[in-house]
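Subject: Structure handover

Hi there,

Here is the structure I promised to pass on to you. Please have a look at it first, and then read on for my notes.

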Amino acid sequence: MSERLLDVIAGNGLITAFAAVGLLMLVCNLISKHLTAGRIHGSAIAIAAGLLLSYIGGVSTGGEDGLADIALFSGLGLMGGSMLRDFAIVATAFGVDVEELRKAGMNGVLALLVGIVVPFFLGGAIAYAFGYTDAVSVTTIGAGAATYIVGPVTGTAIGASSELIALSIAIGLVKSISVMIVTPMVARAISLNNPSAALVFGGMMDTTSGVAGGLAATDARLVPYGAMTATFYTGFGCLLGPSVLYLIVRGVLGG
Amino acid sequence: MVIYGVALLAACMLVGKLIGEVIGIAIGVDSNVGGVGLAMLLLVFVVYRMQKAGWLDTTSRRGVEFWSSLYIPIVVAMAAGQNVAGAIAGGPVALVGGLVVVAVSFALVPVIARLGKGKYAVPLDDLDTAREGRHE
């Protein structure tokens, strides 16, 4: 009998995910209100809790999709997957002010360029310091420091080993996750409270997930501005990584 | 009708992603180049025109607003599906590299934002009241 009842829950995965996330958000909002006196917003706590749960899920199943690897919570993969995520991201553009977008446009483009090139060379330099001294390794790890999508795409294109590619994903994940957690804490210090800064932030940081998660926990109204530049980041990075950036690294290191 | 809003949103997303894919193919990248961003621009533009023409009634708007308000819960679900264990297993290079890069990037945000700072860069009004209204 218990098996059939569990089947009902697992068989309605997406619905289970709605209920589970709703419950998690309720608990986190209560924690925010009563334990932090509203200082840390409930959504920031909920996102951090989600990451913690995903760590627990990943360790207990050995899988790669966090809590979604547990059959009971497989619907989380659909709810938080790229289809619904992108759909909700596009919907946030509903509140965008056309004027603000137009005025901050150039800043966004500049941020995109700096946001790819700086992490790339910084990540590459750190890889070099840790003993990965050939051009392919430095490029792959550097590209991972841009995002965990640009890393594997670049690595595959220039013939990196699977160990290197895994490392480039890991560095991108650390970046994405720390952006989600740190953004609400430093938002005030870096004046991240206006659409223009959010646009720059989106271009500077990385994947849609890190930026969107971080901004959502800071001020949800900033999400569309940051997400808009962040979505260009991956494509732009995939374009530059295996081409211009790799050639520069190869020129400096040789071979 | 609510479905009009949802359909408008869906159409914008599909068109944006299709264009992004075409750009990707054109420049020889195995990735969607800015599809979501293009979809957002498209939605902003279409909504702007439709509102001027008076074609967007309250119930249609609700179809878009509903999905927009589900954004945070979806991000929470996404966080719960990340490979956090994998990131931690990546060892010191991943950890040091990721954290240093984030720290430097954060420090650069105000620098670049200031380059073009004008009157549009004013803070949005009080966080909490506005956010409650939208997401609670």
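Let me start with α1(B), a helix of 25 residues that reaches 36 Å from its first C-alpha to its last, close to the 36 Å expected at 1.5 Å a residue. Please keep in mind that this is a predicted model. The buried residues of α1(B) are Gly5(B), Leu8(B), Leu9(B), Cys12(B), Met13(B), Gly16(B) and Gly20(B). After the helix comes Gly28(B), with a positive phi near 70°.

**Chain B as a whole**

Chain B has 7 helices and 0 strands, so to speak a plain run of α-α-α-α-α-α-α from the N terminus on. Of its 136 residues, 40% are buried. If you take the contacts in chain B between residues at least 6 apart in sequence, 55% of them join residues at least 24 apart.

The domain assignment divides chain B into domain 1 (1-82) and domain 2 (83-120). Taken over C-alpha atoms, the centres of these two domains of chain B are separated by 27 Å.

UniProt, in an unreviewed entry, lists residues 7-27, 33-50, 70-89 and 95-113 of chain B under "transmembrane region". I looked at two of these spans in the model. Residues 7-27 of chain B are 95% helix and 0% strand, with end C-alpha atoms 30 Å apart. For residues 95-113 of chain B, the figures are 100% helix and 0% strand, and the end C-alpha atoms lie 27 Å apart.

**Helix α3 of chain B**

This helix is worth a look on your screen. α3(B) covers residues 58-69, so its 12 residues are easy to find, and it reaches 16 Å from first C-alpha to last, close to the 16 Å expected at 1.5 Å a residue. Which residues of α3(B) are buried? They are Val64(B), Trp67(B) and Ser68(B). These residues lie on the same side of α3(B), because they cover an arc of only 110° around the axis. Thr58(B) and Thr59(B), on the other side of α3(B), are exposed.

What do the buried residues of α3(B) pack against? Their partners are α1 (2-26) and α4 (71-80) of chain B, together with α5 (82-92) of chain A.

Phe66(B) is also found in helix α3 of chain B. It counts as partly exposed because it has 15 C-beta neighbours inside 10 Å, where 20 or more would make a residue buried and 12 or fewer would make it exposed. Phe66(B) and Ala107(B) are 41 residues apart in sequence, and their C-alpha atoms are 35 Å apart in space.

**Where the two chains meet**

The contact between the chains takes 74 residues from chain B and 97 residues from chain A. On the chain B side, α1, α2 (35-53), α3, α4, α5 (84-89), α6 (91-115) and α7 (127-135) each supply at least two residues. The largest share of that side, 19 residues, comes from α6(B). By class, the side of chain B that touches chain A has 52 nonpolar, 18 polar and 4 charged residues.

**Chain A**

Chain A is assigned domain 1 (2-81) and domain 2 (93-253). The centres of these domains of chain A, taken over C-alpha atoms, are separated by 26 Å. How many residues of the two domains of chain A are in contact? There are 6 residues from domain 1 and 7 residues from domain 2. The domain 1 side of this contact in chain A has 4 nonpolar, 2 polar and no charged residues.

For chain A, the UniProt annotation "transmembrane region", again from an unreviewed entry, covers residues 6-28, 40-58, 70-96, 108-130, 164-186, 198-218 and 230-249. Over residues 6-28 of chain A, the model is 96% helix and 0% strand, with end C-alpha atoms 26 Å apart. Residues 164-186 of chain A are 100% helix and 0% strand, and their end C-alpha atoms lie 32 Å apart.

One last residue to find is Ser191(A), in the loop between α9 (162-186) and α10 (195-204) of chain A. The phi of Ser191(A) is near 55°, a positive value in a residue other than glycine. Ser191(A) is partly exposed, with 16 other C-beta atoms within 10 Å.

Best wishes

Terms used. Residues are numbered from 1 along each chain as its sequence is written. Chains are lettered from A and ligands numbered from 1 in the order in which they are written. This is a predicted model: local features need pLDDT of at least 70, side-chain atom pairs count only at pLDDT 80 or more; totals for chains, interfaces and linings use all residues. Helices (H or I, at least four residues) and strands (E, at least two) are DSSP runs, numbered from the N terminus. The expected span of a helix is 1.5 Å times one less than its number of residues. The arc is that of the directions from the helix axis to the C-beta atoms. Domain bounds come from an automatic or database domain assignment. Ala, Val, Leu, Ile, Met, Phe, Trp, Tyr, Cys and Pro count as nonpolar, Asp, Glu, Lys and Arg as charged, and the others, Gly among them, as polar. UniProt positions are given in the numbering used here, feature names are shortened, and annotations may be inferred rather than shown by experiment.
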